[in-house]
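Here are my comments on the model you sent. Please read them with the structure open.

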Amino acid sequence: MNSSRPIQIAPSILTADFGHLADQIRQAEEGGADVIHLDVMDGIFVPNISFGPLVVRAVREVTRLPLDVHLMIQDPERYLAAFAEAGADNLTVHVEACTHLHRTVQQITELGCRAGVALNPATSVEAVREILPFVDMILVMSVNPGFGAQRFIETSMNKLQRVRRLQEELNPLCALEVDGGIGTHNIADVIRSGANVIVVGSSVFNQEGSIQENLAALRQASRGALWQAV
Ligand SMILES: O=C(CO)[C@H](O)[C@H](O)COP(=O)(O)O
């Protein structure tokens, strides 16, 4: 029970310099980013507003990397087609924001996107048991969603372990993403706890070094880490 999955580093543009977004994405790509993560916030599901399909389309035009769109919005089924048309590859919705989660996941798949389901820190792992066989990715939020540069909630390590074990049982090919408060100090630990898609915001865009240097430091800190089932 220890399937190995490729580790993907996914810079979140939430903390990027939006005045120079195309350049920041180019630097992330040159620095070896595997995925670009885009945080969509509606001011209702989370206490912040970010951007919508127009920005996703603009990012699509400047990179060939997969676009991983995290919808922190209430009733996301209203906007799935708009984000798919804008160029999203993955669409992740929150279990807490969907009344008919199975239907929403089906809609994402029918639009030709990979389907992800996210869990807030206070939501039980059991909330994804029934949907797990139908999705491509589970996202464990390791901060309360809404803002970048928050402190990692330590109990997320144990939660990642429990989600990963459930995945191994019900959908071994499903990816496990973690988002919030991750840097060189804890990237190896989230991988050892089971995550294989690692969202990094302020540790890439808000540090002293260049975006390329920061990504290289994260890659170096993650080297050799493997899930260790406990
Ligand atoms: O989803 C998010 C906030 O809701 C961000 O992607 C996340 O917080 C990443 O930023 P940082 O690495 O700075 O914590």
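**Notes on the fold and the ligand shell**

1. This is a predicted model. Within its sheet, strand 7 (residues 175-179) and strand 8 run parallel to each other, paired over 3 bridges. One contact to look up: Glu 177 has Val 197 of strand 8 as its bridge partner.

2. Now the whole sheet. It is open and built from 8 strands, with parallel pairing. The order reads 1-8-7-6-5-4-3-2. Strand 1 (8-11) and strand 2 (36-41) are the edges, and each of them pairs on one side only. From one strand to the next, the twist averages 25°. As background, strands in a sheet pair through backbone hydrogen bonds, in either a parallel or an antiparallel sense.

3. The chain holds 8 helices as well as 8 strands. Its radius of gyration is 16 Å, and the globule rule gives 17 Å for 230 residues; the two are close, so the chain is as compact as a globular protein of that length. Along the principal axes, the C-alpha atoms fill a box of roughly 40 × 40 × 30 Å.

4. Burial and contacts come next. Of the 230 residues, 45% count as buried. Among contacts with a separation of 6 or more, 66% come from residues 24 or more positions apart.

5. Which residues come nearest to the ligand? They are Ser 12, Pro 145, Gly 148, Gly 201 and Ser 202, out of 21 around it. Strand 8 (197-200) and helix 7 (202-205) each supply at least two residues of this shell.

6. On shell chemistry, the split is 8 nonpolar, 11 polar and 2 charged residues.

Terms used: Residues numbered from 1 in each chain as written. Predicted model: local features only at pLDDT ≥ 70, side-chain atom pairs only at ≥ 80, totals over all residues. Near = placed C-beta within 6 Å. Helix = DSSP H or I, 4+ residues; strand = E, 2+ residues; numbered from the N terminus. Nonpolar A, V, L, I, M, F, W, Y, C, P; charged D, E, K, R; others polar. Pairing = 2+ DSSP bridges. Axes fitted to C-alpha atoms, helices over the stretch in contact; angles between N-to-C directions. Rg over C-alpha atoms; globule rule 2.2 N^0.38 Å. Buried ≥ 20, exposed ≤ 12 C-beta atoms within 10 Å, placed from the backbone. Contact = placed C-beta atoms within 7 Å.
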